[in-house]
Amino acid sequence: MSRKKTKKIIFENIEVIDAGAKGKTIAKAPDGKVIFLSNAVPGDVVDIQTFKKRKSYYEGKATVFHEHSDKRTEPVCEHFGTCGGCKWQNMTYGQQLYYKQKEVTNNLTRIGHIELPEVTPILGSEKQYFYRNKMEFSFSDSRWLTLDEIQSDKDLGDKNALGFHIPGMWDKILDVKKCHLQEDPSNAIRNAVKRFAVENDLEFFNTRNQTGLLRTMMIRTSTTGDVMVLIQFFKSDTAKRELLLDFISEKFPQITSLLYVINSKGNDTIYDQDVICYNGNDHIFEEMEGLKFKINAKSFYQTNSEQAYELYKITRDFAGLTGNELVYDLYTGTGTIAQFVAKKAKKVVGVEAVPDAIAAAKENAQLNNINNVDFFVGDMKHVFNSEFINKHGQPDVIITDPPRDGMHKDVVQQILNIAPKRVVYVSCNSATQARDLALMDGQYKVAKTQAVDMFPQTFHVENVVLLERR
């Protein structure tokens, strides 16, 4: 039985009035329903064709632009509109910051019903382009074709791609010529690898058929000048593998860590795979206030190094440490925040669910000669219990930096049971942060809040909240 098609509706001369979640902009239909758009900017006056209708909203696309908003700017990337990585590149940076701040404030007040102090303006990023220290690209033997290419009778040329997934399409890869998110040598490496692979008949991966040799490429850079490149091969072919890796090593001597993975499983995640060092070190280093952080292929590290430093300074400032406090750092990851605040604390206890992350945290603490930190591994809602508190001490301050889903309700309840003087809540999702703050509102008030833009040209935003006991 075929799926019933949604009847397309045309709305004419509609003003786009706001920016919403996930990079969508918002208009109002004549019937009062909200319309979510993916290709307009607040202030545009457009004709809209809908492609989805729900009880309370439509989803659609602007097809005709009658007036262009003064909030618009010309995208710098030739791939904008096809690649889904920089959804707000057509909006001035000042307006990006305005809507990010608005989203955080709205989430805290409308979802959390939180009474906010005077809101400090969002901290923008000094770099609006070329700020990422990690990029992951995928190989494909059947690149994404534009409508013009499909309709053309010309030879389409090279069908291979090395780039990004088309949004919502797991098997379609856009061939990227230049990405404006990571500094060189990133673009030079990616383009040279693709060119060499094509010239030497190295098979690009086919996701549907699970065939080919070249699967993914990851490039990591650091403020110390280190460069890591990891090539993921779908199968073992020693001659072809060494041919490519030798080329990369000779062409780009600035690469300090050249790695590879052979992964024949159904997905391309490397966290359960053996990473093999082909040349150089198996890691790179990042540095912050004299602290060195050893980063391997599987390590998590904030992808905007400069803004991570600003985020951590805000977190440390909110914690109000004098040198006498016992601090718990929940969801500590590789322990970067824990080590960053350690010199101003009596002791820091970090907890994280990922064993490899805790191993890295311990190694980095030893590397930095930090002796007043302890790290423990375990599922937060299970390990962070009364027995743990009795063993390691009653914290004066809790710092929590959970994943996008926020904290489990049992973790929130345990924080309330402990009742530390201060809680510093770092979040990459202010909606789930607001939900958790609402659960704590009876016992804690929001004393400070600070949004930080870690990801210019996107709708993502970090937020730091200081909670003080009522």
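Four bridges join strand E2 (residues 25-28) to strand E3, and the two strands run antiparallel. This pairing is a good place to enter the structure, which is a predicted model. Within the pair, Thr25 stands opposite Leu37 of E3. The hairpin formed by E2 and E3 has five residues between its strands, and in this hairpin Gly32 adopts a positive phi near 95°.

Strand E3 (residues 34-37) also shows two contrasting faces: Ile35 and Leu37 lie on the covered one, whereas Val34 and Phe36 lie on the uncovered one. This pattern is a familiar one, as side chains in a regular strand alternate between the two faces of the sheet.

From E3, the pairing can be followed further. Four bridges link E3 to E5, and here the strands run parallel. Phe36 has Glu59 of E5 as its bridge partner. Strand E5 (residues 57-67) is in turn joined to strand E4 (residues 45-53) by eight bridges, in an antiparallel arrangement. Glu59 appears again in this second pairing, as the bridge partner of Lys52. Glu59 of E5 is thus a partner both of Phe36 and of Lys52. In general, strands of a sheet pair through backbone hydrogen bonds, either parallel or antiparallel. Taken together, five strands form a closed barrel in the order E1-E2-E3-E5-E4, with mixed pairing. From one strand to the next, the twist averages 50°.

Attention now turns to the helices. Helix H1 (residues 93-111) and helix H11 (residues 430-440) cross at roughly 30°, and their axes come within 8 Å. Because of this angle, H1 counts as roughly parallel to H11. The crossing of H1 and H11 is right-handed. On the H1 side, the contact involves Glu103, Val104, Asn107, Leu108 and Ile111, while H11 contributes Ser430, Ala431, Gln433, Ala434, Arg435 and Leu437. These contact residues comprise six nonpolar, three polar and two charged.

A second helix pair is formed by H3 (residues 186-199) and H4 (residues 238-251), which pack at an angle of about 145° with their axes 11 Å apart. The crossing of H3 and H4 is likewise right-handed. Ala192, Val193 and Phe196 of H3 meet Leu243, Leu244, Phe247 and Ile248 of H4. In this contact, seven residues are nonpolar, with no polar and no charged ones.

Finally, helix H10 (residues 409-418) has several buried residues, namely Val411, Val412, Gln414, Ile415, Leu416 and Ile418. Just after H10, Ala419 takes a positive phi of about 55°.

Technical notes:
Residues numbered from 1 in each chain as written. Predicted model: local features only at pLDDT ≥ 70, side-chain atom pairs only at ≥ 80, totals over all residues. Heavy atoms only, no water. Buried < 20%, exposed > 50% of the residue type's maximum accessible area, 1.4 Å probe, protein only. Pairing = 2+ DSSP bridges. Axes fitted to C-alpha atoms, helices over the stretch in contact; angles between N-to-C directions. Left-handed = near helix turned anticlockwise from the far one by under 90°. Contact = heavy atoms within 4.5 Å. Nonpolar A, V, L, I, M, F, W, Y, C, P; charged D, E, K, R; others polar. Parallel < 35°, antiparallel > 145°, perpendicular 65-115°, else oblique.
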